[in-house]
Amino acid sequence: MSFVPVFNEFPEKRSPLLRRFENLIAPADDPQLESLARQSAQITRRNFGKTMRLFAPLYLSNECVNNCSYCGFSRDNPILRTTLTAEQVLREARFLHDQGFRNILLVAGEHPKFVSDGYLQDIVRQLAPLFPTIGIEVGPMEDHQYAELVKAGAEGLIVYQETYHRDTYKTLHTAGPKKNFDWRLECPERAYRGGFRRIGIGALFGLADWRTEALALAAHLEYLHKHCWKAQFSVAFPRMRPYAGNYQYTPDPNRYLTDRQLVQLIAATRICFPTTGIVVSTREPAQLRDNLMTLGPTSMSAGSATDPGGYTGAGCDDLHRTQKGRRVEVAAEEKPAGTRATEQFTIDDQRSPADFAKTIESHGLEPVWKDWDEAILTNS
């Protein structure tokens, strides 16, 4: 069984749950939105208590073989690139560990030459003693590769479809393995078969009509809950942010997900999927994140950097560019002292992890730095 044939019959075939979700994201007036927000907050507290899980992304590489017109890491974008060595990754990881994090997300562009087979497994093995919760957000893999990562110590996988609108997807992904829509769509199922206990999905809002994206995302989530029920699921609604090479893609303002619509989408998701985790990252402004945190989100990033070496400057001694996926050296005058690898996109909430944790507490919630340990699975 695969979600692909189910998706191909969507939206003609919709379950009662999806019809309810569609009604909840329909245009709403202020009283309706306020009612949705109250319901969402109540359901969140009932299922998750007064907690907020904290995590940080750790970028390993900004190399990529894909051309995605909305992404700073796009193959033909002439950015400064680097791939961290295991020692450099450990330096970045120790920085995050000292900040209090015990939950990290390893992120890398999709390039089999630089992020080669065995690289991620080695990284995960070295980080496992420091971080009981390790997630990955990398190019889609085969079942056996996911199983190897789980064996090494990873237990979470994040994969965003980017857009569930096939024609838009085809237009935006012009080169590389990411062109294969169905292969990416089936990625969560392969990760589940590989043994991941946490799986996160999402769409990049701003690429297509937001309600169309949201309904398809809900259909995907519903399917995974039914067919991959041993895993825990989370969902995210990242919105377009400025990135290197912004000229390659001009967002359509008619597709933009407003703050008000984001609140409605979070509330509708919480009401229809009461036990699903909801992630809000540092892409969003500080004030908005503060306003959202009691309404439905269960996990937030803090103090994030979206470039490899972004926390300590690791890897800056090996900056280069790529041309058609191949390494091209950069003259010394093009990378003066202090120059770093190019970030994937700019973050908005610049607060330190410690300051953000205090903000969480000021809203009556408890910041959770660690919520998992492998010892839970061992017999006493």
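# A guided tour, starting at the end of α9

Begin by selecting G195: this residue follows helix α9, and its phi is positive, near 110°. One thing to keep in mind as you click around is that this is a predicted model.

**Stop 1: helix α9**

Now select residues 187-194, the span of α9. How many of its eight residues are buried? Six are, which leaves this helix mostly covered. Colour C187, P188, E189, R190, A191 and G194 to see the buried ones. To find what they pack against, show α1, α6 (143-152), β5 (156-162), α8, β7 (198-203) and α10.

Stay with R190 for a moment and add W183 to the selection. R190 lies over the face of W183, at 3.4 Å from the ring centre.

**Stop 2: the aromatic rings**

Across the whole structure, a search finds ten aromatic pairs. Pick F7 and F181 from among them: the two rings are tilted, with 5.7 Å from centre to centre and 35° between the planes. Because F7 lies in helix α1 (residues 3-8) and F181 in helix α8 (residues 181-185), the pair ties together parts that are 174 residues apart in sequence. Are these two residues buried or exposed? F7 is buried, at a relative accessible area of 8%, and F181 is buried too, at 6%.

Keep F181 selected and bring in Y169. Here the ring centres are 5.0 Å apart and the planes stand at 85°, so this pair is edge-to-face. Y169 sits in helix α7 (residues 166-172) and F181 in helix α8, twelve residues apart, and the pair links distant parts of the chain. Y169 and F181 are both buried.

To see the wider group, select F3, F7, Y164, Y169, F181 and Y223, which form one aromatic cluster.

**Stop 3: A219 in α10**

Next, go to A219, which lies in helix α10. A219 is buried, with a relative accessible area of 7%. Which residues does A219 contact, once its neighbours within four places in sequence are left aside? They are F3, F10 and L18. If you would like to try your distance tool, the C-alpha atoms of A219 and L292 are separated by 24 Å, and the two residues are 73 apart along the chain.

**Stop 4: the nonpolar cores**

Which residues have the most contacts inside the largest nonpolar core? Select L106 and L127 to see them; the core has 95 residues. Its largest share, ten residues, comes from α10.

Zoom in on L106. Not counting residues up to four places away in sequence, L106 touches L58, L60, I123, V124, L127, I134, G135, I136, E137 and V138. Apart from this core lies another, of 21 residues, which includes Y59, Y160, L207 and F345.

Select F345 from that second core and add R283. The charged end of R283 sits over the ring of F345, 3.9 Å from its centre.

**Stop 5: two buried loop residues**

Beside F345 in sequence you can pick Q344, found in the loop between β12 (326-328) and α13 (353-362). Q344 is buried, with a relative accessible area of 19%. Its side chain makes a polar contact of 2.7 Å with the side chain of Y59. Setting aside neighbours within four places in sequence, Q344 is in contact with Y59, C71, G72, F73, Y243 and T306.

Then move to H320, in the loop between β10 (299-301) and β11 (321-323). H320 is buried as well, at a relative accessible area of 1%. What joins the side chains of H320 and E63? A polar contact of 2.4 Å does. Beyond its neighbours within four places in sequence, H320 is in contact with E63, I79, L80, R81, T82, F114, R327, V328 and V330.

**Stop 6: helix α11**

Finish by selecting residues 259-272, helix α11. From its first C-alpha to its last, this helix of 14 residues reaches 20 Å, close to the 20 Å expected at 1.5 Å a residue. Twelve of the 14 residues are buried, so to label them choose Q261, L262, V263, Q264, L265, I266, A267, A268, T269, R270, I271 and C272. For a last view, show what covers them: this includes α2 (16-24), α3 (30-48), α10 (210-227), β8 (232-236), β9 (277-280) and α12 (286-292).

Definitions and conventions:
Residues are numbered from 1 along each chain as its sequence is written. This is a predicted model: local features need pLDDT of at least 70, side-chain atom pairs count only at pLDDT 80 or more; totals for chains, interfaces and linings use all residues. Side-chain values use heavy atoms; hydrogens and water are left out. Helices (H or I, at least four residues) and strands (E, at least two) are DSSP runs, numbered from the N terminus. The expected span of a helix is 1.5 Å times one less than its number of residues. Buried means under 20% relative accessible area, exposed over 50%, partly exposed in between (1.4 Å probe, protein chains only). Contact means heavy atoms within 4.5 Å. Rings of Phe, Tyr and Trp (its six-membered ring) pair if their centres lie within 6.5 Å; planes under 30 degrees apart count as stacked, over 60 as edge-to-face and the rest as tilted. A charge sits over a ring if NZ of Lys or CZ of Arg is within 6 Å of the ring centre and within 35 degrees of the ring normal. A nonpolar core is a set of buried Ala, Val, Leu, Ile, Met, Phe, Trp, Tyr and Cys residues joined through side-chain atoms within 4.5 Å. A polar contact is a pair of N or O atoms within 3.5 Å; within protein, one must be able to donate a hydrogen and the other to accept it, and residues adjacent in sequence count only if both atoms are side-chain atoms.
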